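Open the model in your viewer and keep the selection panel at hand. This tour goes from one selection to the next and says what is there.

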Amino acid sequence: MYDELAQMASWLQSPFLLAVRLYWGWQFMQTGWGKLHNLAHVTEFFTSLGIPAPGLNAHFVAGLEFVGGLLLIVGLANRFIGLLLLCSMLVAFYTAEREAFLSFFSNPGKFYTADAYTFLFAALIVFIFGAGAISVDHLLRHHFEKKRLQRQA
């Protein structure tokens with residue numbers, strides 16, 4: 001019975017990863033789009049947080065969130081994008097919500113209710129588990145594996 005349960009749970013992995021990618025890809029796209037249309041405000045905010053090169057970082061983060069969100073949705077280069085978004089969210093969490101970030105052990109509720117937490121967690125899931133079978137990454141991997149096997153034959 002345990003094996004059947006494990007097999008069923010494994011079957012749900014790709015649909016779950018697709019749902020995570022679609023929802024959080026859209027969320028990242030929306031935040032990136034908002035930043036792209038308010039770069040002066042984002043630069044000012046980054047300056048107030050003491051982030052180095054705030055103008056350059058505002059452009060980079062806005063583009064990363066928008067393009068990264070799009071790539072999450074289609075499932076392309078998801079481990080790489082997941083890593084970049086994970087790093088970006090760690091910086092955002094530490095700089096913009098430092099008190100919540102530092103309350104990881106002392107007040108976990110404050111930590112996991114911070115806005116950056118859910119974005120960070122979504123990026124972590126994609127980085128660790130990849131895009132799943134319902135993705136462009138999977139199609140490309142399958143295509144190149146097929147080509148490699150044909151060359152070996």
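A crossing is called left-handed if the near helix is turned anticlockwise from the far one by less than a right angle, and right-handed if clockwise. Helices (H or I, at least four residues) and strands (E, at least two) are DSSP runs, numbered from the N terminus.

This is a predicted model: local features need pLDDT of at least 70, side-chain atom pairs count only at pLDDT 80 or more, and totals for chains, interfaces and linings use all residues. Residues are numbered from 1 along each chain as its sequence is written, and side-chain values use heavy atoms, with hydrogens and water left out.

**Whole chain.** Select the protein chain. Its secondary structure comes to nine helices and zero strands. Along the principal axes, the C-alpha atoms fill a box of roughly 60 × 40 × 25 Å.

**H3 on H4.** Select H3 (39-48) and H4 (54-74). H3 passes H4 in a right-handed crossing. Their axes are 8 Å apart and the packing angle is about 120°. Axes here are lines fitted to C-alpha atoms, for helices over the stretch in contact, and angles run from 0 to 180 degrees between N-to-C directions. H3 and H4 are therefore oblique to each other. Angles under 35 degrees count as roughly parallel, over 145 as roughly antiparallel, 65 to 115 as roughly perpendicular and the rest as oblique.

Now show the side chains of the H3 and H4 contact (heavy atoms within 4.5 Å). H3 brings Leu39, Val42, Thr43, Phe46 and Thr47; H4 brings Pro54, Gly55, Asn57, Ala58, His59, Val61 and Ala62. By class, the contact of H3 with H4 has seven nonpolar, five polar and no charged residues. Ala, Val, Leu, Ile, Met, Phe, Trp, Tyr, Cys and Pro count as nonpolar, Asp, Glu, Lys and Arg as charged, and the others, Gly among them, as polar.

**H4 on H5.** Keep H4 and add H5 (78-96). The axes of H4 and H5 come within 10 Å and cross at roughly 145°. H4 passes H5 in a left-handed crossing. Val61, Leu64, Glu65, Gly68, Leu71 and Leu72 in H4 meet Asn78, Ile81, Leu84, Leu85, Ser88 and Met89 in H5. The classes in the contact of H4 with H5 are eight nonpolar, three polar and one charged.

**H5 on H8.** Swap H4 for H8 (115-129). The axes of H5 and H8 come within 8 Å, crossing at roughly 155°. H5 and H8 are therefore roughly antiparallel to each other. Their crossing is left-handed. Residues to pick in H5 include Leu86, Met89 and Phe93; in H8, pick Phe119, Leu120 and Phe127 among others. The residues of the contact of H5 with H8 divide into 16 nonpolar, two polar and one charged.

**The largest pocket.** Its volume is about 620 Å³. Which residues are the closest to its centre? Select Lys35, Phe46, Glu65, Met89 and Ala92, out of 25 that line the pocket. H5 gives the largest share of the lining, eight residues. The lining has 16 nonpolar, five polar and four charged residues.

How is a pocket found? On a 1 Å grid over the protein atoms alone, a pocket is an open set of points where a 1.4 Å probe fits, with protein on both sides within 12 Å along at least five of seven lines; lining residues have an atom within 4 Å of a point. Points are joined across faces, edges and corners, and the volume is the space filled by probe spheres set on them.
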